[in-house]
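Biologist: Could you pick one helix and take me through it closely? I'd like to hear which way its residues face and what sits against them.

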Amino acid sequence: MKSCLFPAALAFVSFKSHAQASATAGKMDDISDLTPRETLENTVVSIVHSFIEHLPYLFAGLLILLLTWLVAYLIGKVVRKLTRHMRQSLSELFERLSHIGIWALGLLLAAMVVFPGLTPAKALGGLGLASIAIGFAFKEIFENFFAGVLLLWKYPFEKGDFIECQSILGKVENISVRMTTIRKTNGELVVVPNSFLFKNAVNVLTDQDKRRITIMTGVAYSEDADHAVSLLQQALSRCETVDQQHPIQVFLNGFGDSSIDIEVTWWTGPTPLDHRRSRSEVVSTVKRTLDEAGIEIPFPYRTMTFKEPLVINQ
């Protein structure tokens with residue numbers, strides 16, 4: 001019985017192969033008989049049909065992205081509420097990291113839905129290969145991103161602080177994970193990459209509630225310097241912009257070319273405007289106090305000595 005079935009099976013397979021070859025040849029003959037216009041029309045129709053068949057996957061992917069946006073918004077509000085007692089920069093950092101994580105997961109799910117053959121393993125493998133090229137192409141962007149994360153985490157300054165870095169002096173308006181915007185004292189807005197602030201020394205002018213200022217003045221050698229110091233100490237204690245909770249320091253500093261130099265140090269508000277206003281008041285007070293006391297603030301003196309007596313012709 002087996003010996004009879006085997007030849008029959010071979011004959012069936014041979015017939016089927018011959019039929020498939022004939023059908024393929026027929027299709028090839030049909031395609032070869034088509035004109036270029038008909039071939040183009042068939043290609044366009046095939047693309048349209050494939051697109052229509054894929055529309056449900058595209059709508060599902062868009063729906064996932066919409067849900068991702070909604071979840072990221074709700075999670076952001078929850079994180080903001082849970083971290084309201086933390087520093088503002090740290091709260092913003094947690095909120096942004098949660099957004100990044102949720103969007104990464106949402107984009108991965110949307111890609112798997114739109115492309116059914118995509119698996120998490122393939123996606124992560126492709127992401128690993130792509131990250132190398134992206135890392136080289138966008139090196140500065142990633143450098144600024146990580147610098148921004150470190151700035152937000154280490155909180156050297158906050159939004160609203162006045163900082164000075166290199167030639168930039170102004171108020172911090174916003175700190176993002178890639179750049180920091182600073183409003184200069186003349187009104188100009190400067191967008192600074194975070195890596196620049198991370199690599200260079202930054203002076204945070206408003207880190208404390210008060211900031212110290214020092215100016216130099218002087219009195220003539222013929223004047224009573226100790227009396228001048230006492231007068232200036234009393235005068236500064238009456239200035240409105242001088243913080244009376246910190247000591248007012250007035251010291252004789254040294255022997256200048258034309259005067260006994262006096263160092264005047266006091267504390268005032270930390271902002272550049274506070275600094276300028278207080279400096280103006282103190283300089284005016286020093287000048288008025290010494291003038292009222294009849295103490296000379298000398299101009300530069302020059303004493304000239306000649307080897308031979310000068311002959312003055314009458």
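Modeller: Here's a close look at helix α8, from its length to its two sides and its end. Bear in mind that this is a predicted model, where local features need pLDDT of at least 70, side-chain atom pairs count only at pLDDT 80 or more, and totals for chains, interfaces and linings use all residues. Numbering runs from 1 along each chain as its sequence is written, and side-chain values use heavy atoms, with hydrogens and water left out.

Helices here are DSSP runs of H or I with at least four residues, strands are E runs of at least two, and both are numbered from the N terminus. Helix α8 takes in residues 272-292, 21 residues in total. The expected span is 1.5 Å times one less than the number of residues, so α8 should cover 30 Å, and its end C-alpha atoms are indeed 30 Å apart.

Now the two sides. Buried (under 20% relative accessible area, with exposed over 50% and partly exposed in between, using a 1.4 Å probe and protein chains only) applies to Pro272, His275, Ser278, Val282, Thr285, Val286, Thr289 and Leu290. Those residues span an arc of only 155° around the axis (taken from the directions from the helix axis to the C-beta atoms), so they sit on the same side of α8. Arg276 and Glu292, on the other side of α8, are exposed.

And the cover? Among the elements over the buried residues of α8 are β1 (162-165), β6 (211-219), α7 (225-236) and β8 (260-268). After α8 comes Gly294, with a positive phi near 75°.

How values were computed
Contact means heavy atoms within 4.5 Å.
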